[in-house]
Amino acid sequence: MDTSKLDRIVAEARRSAAQRDAGYRERALKMYPWICGRCAREFTRANLQELTVHHRNHDHDFNPEDGSNWELLCVYCHDNEHSRYIDHIEGSASSAESATVAATSNPFAGLRDLLKR
């Protein structure tokens, strides 16, 4: 296996992702006010690194020019949003508890016969 070729492919993929990320982030920061869309925290140049771009439909490759798939969220609200999305996709603990499955075996099936003896 040619590791140098693999290294070049990985490096190119990382460069492309970084350019894509920088592109839509910069456009979103120019389009929207520097305020978290959930908690309404305001940001300045000093703490702007804590303001992230969230993709509303969770598809990071869908970046329309009008910014309709983006919203600015602080890192905490962004993390919360993705946690909620993962819980929704995988199912929450409360839904797992309510979906009980009926037993398929009867461990006491022969007990009556044993007690008669």
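Is alanine 28 buried or exposed? Alanine 28 is buried, because its relative accessible area is 0%, and buried means under 20%. The model that gives this value is a predicted one.

The place of alanine 28 in the fold comes next. The protein has four helices and two strands, and along the sequence they follow the pattern α-β-β-α-α-α. Alanine 28 belongs to helix H1. Leaving aside neighbours within four places in sequence, alanine 28 is in contact with Val53, Trp70 and Leu72. One of these partners shows how the chain comes back on itself: alanine 28 and valine 53 are 25 residues apart in sequence, yet their C-alpha atoms are 7.1 Å apart in space. Contacts between distant parts of the sequence can also be counted for the whole protein. Of the contacts with a separation of 6 or more, 51% are between residues 24 or more positions apart. As for burial, 21% of the 117 residues of the protein count as buried.

Some of the residues named so far also appear in the largest nonpolar core. This core has 13 residues, and those that touch the most other members are Cys36, Phe43, Leu51, Val53 and Leu72. Three elements give two or more residues to the core: helix H1 (3-31), strand S1 (51-55) and strand S2 (70-74). Of these, S2 gives the most, with four residues. Leucine 72 is a useful residue to look at here. Beyond its neighbours within four places in sequence, leucine 72 is in contact with Ala28, Leu29, Tyr32, Pro33, Ile35, Cys36, Gly37, Leu51, Thr52 and Val53.

Helix H2 covers residues 75-90. Its length can be checked with simple arithmetic: at 1.5 Å a residue, the 16 residues of H2 should span 22 Å, and the end C-alpha atoms are 22 Å apart, so the two values agree. The buried residues of H2 are Cys77, His78 and Glu81. Seen down the helix axis, these buried residues fall within an arc of 105°, which means that they line one face of H2. The elements that cover them include S1 and S2. On the face turned away from the buried side, H2 carries the exposed residues Tyr76, Asp79 and Glu90. Just after H2, glycine 91 takes a positive phi of about 90°.

Two histidines can be taken together. Histidine 78 lies in H2 and is buried, because its relative accessible area is 13%. Not counting residues up to four places away in sequence, histidine 78 touches Thr52, Val53, His54 and Leu73. With one of these residues, threonine 52, histidine 78 makes a polar contact of 2.5 Å between side chains. Histidine 58 sits in the loop between S1 and S2. Histidine 58 counts as buried because its relative accessibility is 19%, and the limit for buried is under 20%. Its contacts, again without neighbours within four places in sequence, are with Glu81, His82 and Tyr85. One of these, Glu81, is among the buried residues of H2.

Histidine 58 also has a backbone feature to note. Its phi is positive, at about 65°, although histidine 58 is not a glycine. Alanine 40 is a further residue other than glycine with a positive phi, near 65°. Alanine 40 is found in the loop between H1 and S1.

The cysteines come last. A disulfide is a covalent bond between the sulfur atoms of two cysteines. How many disulfides does the count come to? With a cut-off of 2.5 Å between cysteine sulfur atoms, the count comes to zero. For cysteine 39, the closest cysteine sulfur is that of cysteine 36, and the two are not bonded because the distance of 3.6 Å is too far for a bond. Cysteine 74 is in no disulfide either, since the nearest cysteine sulfur, in cysteine 77, is 3.6 Å away. The surroundings of cysteine 39 and cysteine 74 can be described by their accessibility. Cysteine 39 counts as partly exposed because its relative accessibility is 40%, whereas cysteine 74 is buried, with a relative accessible area of 2%.

How values were computed. Residues numbered from 1 in each chain as written. Predicted model: local features only at pLDDT ≥ 70, side-chain atom pairs only at ≥ 80, totals over all residues. Heavy atoms only, no water. Core = buried A, V, L, I, M, F, W, Y, C linked by side-chain atoms within 4.5 Å. Buried < 20%, exposed > 50% of the residue type's maximum accessible area, 1.4 Å probe, protein only. Contact = heavy atoms within 4.5 Å. Polar contact = N/O pair within 3.5 Å; in protein donor to acceptor, adjacent residues only side chain to side chain. Expected span 1.5 Å × (residues − 1). Arc of directions from axis to C-beta.
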